[in-house]
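Notebook open, coffee poured. I want to go through the contacts, the confidence and the voids of this one, in that order.

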Protein chains: 2
Amino acid sequence: MRVGELSRRSGVSVPSIKYYLREGMLPAGERTGPNQADYGEDHVRRLRLVRALLDVGGLSVAAAKEVLAAVDGDVPLYEALGAAQDAVVTVPGGVSDEAAAEARAKVDGLVARRGWRVTEANPGRRAAADVLATYARLGWPQFGEAIDDYAAAMEQLAAREVESVLSGTDGGGRERAVEGAVTGTVLGGSLLLALRVMAQADASARLLGADPSDKFTTDS
Amino acid sequence: MRVGELSRRSGVSVPSIKYYLREGMLPAGERTGPNQADYGEDHVRRLRLVRALLDVGGLSVAAAKEVLAAVDGDVPLYEALGAAQDAVVTVPGGVSDEAAAEARAKVDGLVARRGWRVTEANPGRRAAADVLATYARLGWPQFGEAIDDYAAAMEQLAAREVESVLSGTDGGGRERAVEGAVTGTVLGGSLLLALRVMAQADASARLLGADPSDKFTTDS
DNA sequence: ACTATCGGATAGTGAGACTATCTATAACAG
DNA sequence: CTGTTATAGATAGTCTCACTATCCGATAGT
């Protein structure tokens, strides 16, 4: 098929397809002439993946590009998984104060307690420490105490997610396995946050909505 | 203090402070002359909160503005909590196909199973359904099956988070309670994702790294 | 033959988040 | 009291990002 049909099939405008081609997120079609190319089902699937990463996963084009490079590259699965994980955490430039050092120590302690095998450079380390340091700087150090509960919950889910990717792709080939790993990692994060929002709404309805005292609705 | 010192104390550049003032995210200082104003500790704290929401929470200025409006406004706590929740989920414009309908039904089923009291308009509903629909469209429907596990985990955490905000702010006044709710909701999301990344790295190290067969490192 | 479409290159657009400049002041050091 | 620096507020400029639009000389299909 040519670009017009690819556009119709994928719901992505022709200019956007050209843009993704330029950015190397979509492989070029098979050339059939000096100014003609042929696209296949793979291109349709890839385009859908691109839009999923951008729209649902909330990745930037640059982040999606790196993730897709890992999918296409000849890297082992765990490395592609790492690329996807890097893409979902925001790591702002960090200041180095007392709160930061303390936060890093807390994260190190957690990792040791749980026996997690994570490298020193794992972006989750920095990101988690950043949040803890920020809690402390804002005067909410107690929010950081829930970190063990968070970690226990994530450990369970992560084990299941990784298993799911492996079992669901047995025999599907490397490319498909990597695609699944990346999809699950990126979109799974969005799913998690969405469910957390609902769970919080429920929790606050139970703890506040059902209580007619309006304890916190006015200045005390 | 004047704007220069406020800048030094908060680590935010003077032009940026002026920008936040213009956007209404930072209240104006007390005027002491036609071109002089005085800022206090509240301004320093607010500025830190703004940067936390933007840098650590990953919110856009527009989203942060809405959250802060809820903090300042005379709304009940659960409503401010709702504003913060709205800010952390991305809700792209949705298509209406078979996958979308099925996904919505699955989310409705989940909500019913868990007895969650969430409104029809809760953004988490749409966001969760979007992810499930995308899984299906990409050919990974099995990833959606973990939704009950995700939900159970989030239910536990959310209950603890909401409790933590309430108990930690007893007597602190409405403003402080709302600030805590917002901070915990927004930054907690980042913390969760950071820990998930580490947990996944650990899980894949256990399931793949320890296995020397390199099962997925080459095309099969 | 003729019109719609194509691939590819280049340039333009609109939103978002600042950043710079300008204009009167006002504070302060010598 | 005078020169330097800082200030509030307004307006305009910048830079990045993620597209869009426009051209061009070929095809493709009728």
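Entry 1, strand C. I started with base contacts and found R22(B), where a polar side-chain atom sits 2.9 Å from a base oxygen of DNA strand C. I then listed the elements that put two or more residues on the surface near strand C: α1 (3-10), α2 (14-22) and β2 (36-38) from chain A, plus α2 (14-23) and α4 (61-72) from chain B. Of these, α2(B) has the largest share, at 5 residues.

I noted two contacts from chain A to the backbone of this strand as well. R31(A) brings a polar side-chain atom to 3.5 Å from a phosphate oxygen of DNA strand C. N35(A) does it with a backbone N or O atom, 3.2 Å from a sugar or linking oxygen of strand C.

Then I looked up the whole neighbourhood. DNA strand C has 24 residues around it, and the closest are V3(A), G4(A), R22(B), P34(B) and N35(B). Of the strand C atoms that come within 4 Å of the protein, 64% belong to sugar and phosphate. By class I get 10 nonpolar, 8 polar and 6 charged residues on that surface.

Entry 2, strand D. Which residues come closest here? I find R22(A), P34(A), N35(A), R2(B) and V3(B), out of 23 residues that surround DNA strand D. Sugar and phosphate make up 69% of the strand D atoms within 4 Å of the protein.

For the base side, I picked N35(A): one of its polar side-chain atoms is 3.0 Å from a base nitrogen of DNA strand D. So N35(A) goes into my notes twice, with its backbone at strand C and its side chain at strand D. For phosphate, I have S16(A), with a side-chain N or O atom 3.3 Å from a phosphate oxygen of strand D. Y20(A) also has a side-chain N or O atom 3.3 Å from a phosphate oxygen of that strand.

The elements giving two or more residues to the surface near strand D are α2 of chain A and, from chain B, α1 (3-10), α2 and β2 (36-38). Here α2(A) gives the most, with 5 residues. The class split is 9 nonpolar, 8 polar and 6 charged.

Entry 3, confidence. A reminder to myself: this is a predicted model. I checked chain A and got a mean pLDDT of 90, with 92% of its residues at 70 or more. Within chain A, α2(A) has the highest confidence at 98, while α8(A) has the lowest, at a mean of 90. I flagged residues 212-220 of chain A, where the pLDDT is below 50. Beyond near neighbours in sequence, that stretch still has 16 contacts in the model.

Entry 4, voids. How many cavities of 30 Å³ or more does a search of the whole structure find? I get 1, and its volume is about 40 Å³.

I wrote down the lining: L77(A), L81(A), V162(A), V165(A), L166(A), A181(A) and L208(B). Two helices of chain A, α5 (77-88) and α8 (147-168), each supply at least two of these residues. The biggest contributor is α8(A), with 3 residues. By class the lining is 7 nonpolar, with no polar and no charged residues. I also noted that α8(A), the top contributor here, is the element of chain A where confidence is lowest, at a mean of 90.

Note on methods
Residues are numbered from 1 along each chain as its sequence is written. Chains are lettered from A and ligands numbered from 1 in the order in which they are written. This is a predicted model: local features need pLDDT of at least 70, side-chain atom pairs count only at pLDDT 80 or more; totals for chains, interfaces and linings use all residues. Side-chain values use heavy atoms; hydrogens and water are left out. On a 1 Å grid over the protein atoms alone, a cavity is a set of points where a 1.4 Å probe fits but cannot get out, and a pocket is an open set with protein on both sides within 12 Å along at least five of seven lines; lining residues have an atom within 4 Å of a point. Grid points are joined across faces, edges and corners, and a volume is the space filled by probe spheres set on the points. Helices (H or I, at least four residues) and strands (E, at least two) are DSSP runs, numbered from the N terminus. Ala, Val, Leu, Ile, Met, Phe, Trp, Tyr, Cys and Pro count as nonpolar, Asp, Glu, Lys and Arg as charged, and the others, Gly among them, as polar. A residue is near a molecule or strand if one of its heavy atoms lies within 4 Å of it. A polar contact is a pair of N or O atoms within 3.5 Å; within protein, one must be able to donate a hydrogen and the other to accept it, and residues adjacent in sequence count only if both atoms are side-chain atoms. pLDDT is the predictor's confidence in each residue, from 0 to 100. Contact means heavy atoms within 4.5 Å.
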